[in-house]
Amino acid sequence: GPALLFVKTSQGREEGRRFYACSACRDRKDCNFFQWEDEKVSETRLAAREEYNRNHQPSFTHRQNVDRYKNFVLLPLSKRRFCQECQQLLLPAEWENHSGHQFLCNITTVQLKSPSQLLYPLENKKTNAQYLFADRSCKFLLNLLIDLGFRRVLSVGTPRLHEMIQSKASEKEEFSVRSLLLDIDFRYSQFYTEDEFCHYNMFNHHFFGGEAAHETCRKFLHEENGERVIMVTDPPFGGLVEALASSFKKLMSMWRDTEKEGHDNKEMPMFWIFPYFFESRILDFFPSFSMMDYQVDYDNHALYKHGKTGRRQSPVRIFTNLTPSMIVLPEEEGYRFCTICQRYVSSGNQHCEICNSCTSKDGRRWKHCVLCKKCVKPSWFHCSSCNCCTLEKHSCEKTDVGCFVCGKAGHKRSACPSLSHT
């Protein structure tokens, strides 16, 4: 899809040179697209790009994958094969072309309903970072959504939540929750119809299926006059918050365009699942959001696991524009309700009377620093040289280096007034 416009800055210079680069891949090894904004591109180079793009299209279209799936499920169990190397469901006529590859045989209906466990997770941190919710977190999220009365879930980059909803809907007639998955991983088109999955890039709000896919999403959001729908998103943690926020606002705008009166000034309900240390960045773009204490954990991430102690706990949280008191967290996991803050907090998050808030972000009990006038991590101490709280073992040599963009002291590059925030 469309590239993003970046700026290459030099310290002390307010004006940087702008360039276009891939919106999804942050490593040139994965996508080498690069073009200066003021660069004139030759016809030869444009033709080469078109040729490259044509050669890197998927083997089948979404419609072809849907037809293939229908034929696949009609096969007897002994003839159902999945190529692990190509990550593809195989029909018997295709076996010979994959003869040197490793297969999974006897693919069951249960496996077909759980594609996130059949497919290899794409774990390249600079491209996909496809970490999947653990069963505990997935069940908690789904039960919470049901308790809050939502009946439609726009699942943006949350394939495991989507498949849990799809699976329950096929098992129980009375299960009334539906989901639409928007994801950049086209492999899911092998398992879901065009009404269940849209190939989508959340960094530039690009629907690869064109206007038809865009309309599928719009119709999904507009059902019941836009009522009882929520967006749940779990982006790659290395992704640019500004680019993500821009796309999410466009999805919200798509929802806001319903005929329902009163939506003009409202935000679509949303759960943005992201590490707690991005809190200030998210609030920059969505001031109405607040962070919940619930620790989201993942099956295939070594560190982001629930139940570890101290700094080894998962740092991933739920940011939402729903009223915090509505988000009921499980008491059996140690969460409790703070009547002053009117929200559920973790067991170690003690209310500070000076800050008048439950201040911990990482699950440990934080301490109040009178000099900093705020609560800080328990391992931090106030340094008189730095005039702030920091780790006990740190280098407090003052440096003259200021902002990387303009060279002035007092702010970081991300907050530089010289940068355009359009």
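Strands here are DSSP runs of E at least two residues long, numbered from the N terminus. With that in hand, β19 (367-369) and β20 (374-376) are two such strands, and Lys-373 sits in the loop between them. The model is a predicted one, so keep that in mind as we walk through it.

Start with the overall tally. The protein chain has 9 helices and 22 strands. Of its 422 residues, 44% are buried. Take the contacts between residues at least 6 apart in sequence: 56% of them join residues at least 24 apart.

**Two odd backbone angles**

Lys-373 has a positive phi of about 60°, although it is not a glycine. Gln-87 does something similar: its phi is near 55°, again a positive value in a residue other than glycine. Gln-87 is placed in the loop between β4 (81-83) and β5 (88-90). Buried or exposed: what is Gln-87? Gln-87 has 10% relative accessibility, and buried means under 20%, so Gln-87 counts as buried. Lys-373 has a relative accessible area of 70%, and the exposed class starts over 50%, so Lys-373 is exposed.

**The N-terminal strands**

Strand β1 (residues 4-8) and strand β2 (residues 17-21) run antiparallel and are joined by 5 bridges. Phe-6 has Phe-19 as its bridge partner in β2. On to the next pair: β2 is joined to strand β3 (residues 34-36) by 3 bridges, also antiparallel. There, Ala-21 is partnered with Phe-34 in β3.

**The sheet of 3 strands**

The loop holding Gln-87 links β4 and β5, and both strands belong to an open sheet of 3 strands in the order β5-β4-β6, paired antiparallel. Its edge strands are β5 and β6 (103-105), each pairing on one side only. From one strand to the next the twist averages 30°. Between β4 and β6 there are 3 bridges, and Phe-82 stands opposite Leu-104 in β6. Helix α2 (residues 62-74) lies across β4 and β5, at about 50° to β5.

**The sheet of 8 strands**

Another open sheet has 8 strands, ordered β10-β9-β8-β7-β11-β12-β14-β13, with mixed pairing. Why does one side of β10 (206-207) and of β13 (290-291) have no neighbour in the sheet? These two strands stand at the edges with a single partner strand each, so one side of each is left free of a sheet neighbour. β13 pairs with strand β14 (residues 316-320) in the antiparallel sense, over 2 bridges, and Ser-290 is found opposite Thr-320 in β14.

Helix α8 lies across several strands, among them β7 (152-156), β8 (178-183) and β12 (270-275), and runs at about 170° to β12.

Here are the strand pairs from the sections above, side by side.

| Strand pair | Sense | Bridges |
|---|---|---|
| β1 and β2 | antiparallel | 5 bridges |
| β2 and β3 | antiparallel | 3 bridges |
| β4 and β6 | antiparallel | 3 bridges |
| β13 and β14 | antiparallel | 2 bridges |

**Cores**

The largest nonpolar core has 66 residues, and those touching the most other members are Leu-154, Leu-161, Leu-182, Phe-248, Leu-251, Phe-271 and Trp-272. Helix α8 (residues 241-256) supplies the largest share of this core, 9 residues. Another core lies apart from it, with 15 residues including Phe-82, Leu-91, Leu-119 and Phe-186. In soluble globular proteins, nonpolar side chains tend to be buried together.

**A helix pair**

Helix α5 (residues 135-147) packs against helix α6 (residues 159-171) at an angle of about 60°, with the axes 10 Å apart. The crossing of α5 past α6 is right-handed. On the α5 side, the contact includes Leu-141, Leu-142 and Leu-145, and on the α6 side Leu-161, Met-164 and Ile-165 are among the residues involved. The contact residues split into 7 nonpolar, no polar and 4 charged.

**Tyr-192 and its surroundings**

Tyr-192 lies in the loop between β8 and β9. Its relative accessible area is 5%, and the buried class is under 20%, so Tyr-192 is buried. Which residues does Tyr-192 contact, leaving aside neighbours within four places in sequence? They are His-62, Val-66, Pro-115, His-162, Glu-163, Gln-166, Leu-181 and Phe-197. Val-66 is 126 residues away from Tyr-192 along the chain, yet their C-alpha atoms are separated by 6.9 Å.

Note on methods:
Residues are numbered from 1 along each chain as its sequence is written. This is a predicted model: local features need pLDDT of at least 70, side-chain atom pairs count only at pLDDT 80 or more; totals for chains, interfaces and linings use all residues. Side-chain values use heavy atoms; hydrogens and water are left out. Helices (H or I, at least four residues) and strands (E, at least two) are DSSP runs, numbered from the N terminus. Buried means under 20% relative accessible area, exposed over 50%, partly exposed in between (1.4 Å probe, protein chains only). A nonpolar core is a set of buried Ala, Val, Leu, Ile, Met, Phe, Trp, Tyr and Cys residues joined through side-chain atoms within 4.5 Å. Two strands pair if DSSP finds at least two bridges between them. Axes are lines fitted to C-alpha atoms, for helices over the stretch in contact, and angles run from 0 to 180 degrees between N-to-C directions. Contact means heavy atoms within 4.5 Å. A crossing is left-handed if the near helix is turned anticlockwise from the far one by less than a right angle, and right-handed if clockwise. Ala, Val, Leu, Ile, Met, Phe, Trp, Tyr, Cys and Pro count as nonpolar, Asp, Glu, Lys and Arg as charged, and the others, Gly among them, as polar.
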